[in-house]
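Hello,

Here is the structure I promised to pass on to you. Please have a look at it first, and then read on for what turned up.

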Amino acid sequence: PVDEKTQVAVAHQLHEGSVCFLISHSGTTARILESAQAARATGASLIALTSYATSPLARVADVAIVAGAPADVHRSSDTASRPLHLAVIQALFAVLEHGPD
């Protein structure tokens, strides 16, 4: 779900064997971390996509995918990281749809 409150509510409904995929550039967004805690409490596995390997989100995740870009004169680091995050998501979907080969 797009709404952060709904994300937390859905995370509470996961179960052991579920996977919760969380995305946060900074890895410090309060609602994302709340969703992570809720999912963890249900026994779900956590996969995080973030720009910072040492972020709170990366530390609580079972698997942290780190893909970030530095700021430059034209854009901030969060804006610069969005294309990288999108590429990771597209690659994950391709693997899920077609398999690893």
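Two strands count as paired if DSSP finds at least two bridges between them. With that in mind, Phe21 stands opposite Ile47 in S2, and Cys20 has Leu46 of S2 opposite it. In total, 6 bridges join S1 to S2, and the two strands run parallel. Between them the chain passes from S1 through H2 to S2, a β-α-β crossover that is right-handed. Please keep in mind throughout that this is a predicted model.

**The overall picture**

The protein has 4 helices and 3 strands. Read from the N terminus, its elements follow the order α-β-α-β-α-β-α. For 101 residues, a compact globule would have a radius of gyration near 13 Å; the protein comes to 14 Å, so the value agrees with that expectation. The C-alpha trace spans about 45 × 35 × 25 Å along its principal axes.

Some totals may be handy too. Of the 101 residues, 30% are buried. Among contacts with a separation of 6 or more, 55% are between residues 24 or more positions apart. The exposed surface is about 6,300 Å², and carbon and sulfur atoms supply 59% of that area.

**The sheet**

The 3 strands make an open sheet with the order S1-S2-S3, and the pairing is parallel. S1 and S3 (63-66) are the edge strands, each pairing on one side only. On average, neighbouring strands in this sheet are turned by 15° against each other, direction ignored.

On the other side of the sheet order, S2 (residues 45-50) and S3 pair in the parallel sense over 4 bridges. Leu49 stands opposite Ile65 in S3. Helix H2 (residues 30-42) packs on the sheet, where it touches S1 and S2, and its direction makes about 165° with that of S1.

Which residues of S1 are on its covered face, and which on its uncovered one? Cys20, Leu22 and Ser24 form the covered face, while Val19, Phe21 and Ile23 form the uncovered one. Phe21, which stands opposite Ile47, is therefore on the uncovered face of S1, and Cys20, opposite Leu46, is on the covered face.**Three residues worth a look**

Ser18 lies in the loop between helix H1 (4-12) and strand S1 (19-24). Is Ser18 buried or exposed? Its relative accessible area is 10%, and because buried means under 20%, Ser18 counts as buried. Leaving aside residues up to four places away in sequence, Ser18 touches Ala44 and Ser45. Thr29 is 11 residues from Ser18 in sequence, and the two are 22 Å apart in space, C-alpha to C-alpha.

His85 has its place in helix H4 (residues 77-98). With a relative accessibility of 8%, His85 is buried as well. What does His85 touch, not counting residues up to four places away in sequence? The contacts are Ile23, His25, Leu49, Thr50, Ser51 and Ala67. Of these, Ile23 belongs to the uncovered face of S1, and Leu49 is the residue opposite Ile65 in S3.

His74 is found in the loop between S3 and H4. Here the relative accessibility is 72%, and because exposed means over 50%, His74 counts as exposed. The C-alpha atoms of His74 and Ser51 are separated by 18 Å, with these positions 23 residues apart along the chain counted as their distance apart.

Happy to talk it over whenever it suits you.

Best wishes

How values were computed. Residues are numbered from 1 along each chain as its sequence is written. This is a predicted model: local features need pLDDT of at least 70, side-chain atom pairs count only at pLDDT 80 or more; totals for chains, interfaces and linings use all residues. Side-chain values use heavy atoms; hydrogens and water are left out. Buried means under 20% relative accessible area, exposed over 50%, partly exposed in between (1.4 Å probe, protein chains only). Contact means heavy atoms within 4.5 Å. Axes are lines fitted to C-alpha atoms, for helices over the stretch in contact, and angles run from 0 to 180 degrees between N-to-C directions. The radius of gyration is taken over C-alpha atoms; the globule rule is 2.2 Å times the number of residues to the power 0.38. Accessible areas come from the Shrake-Rupley method with a 1.4 Å probe; for residues, only the protein chains shown count as cover. A crossover is right-handed if, with the strands pointing away from the viewer, the path from the first strand over the helix to the second runs clockwise.
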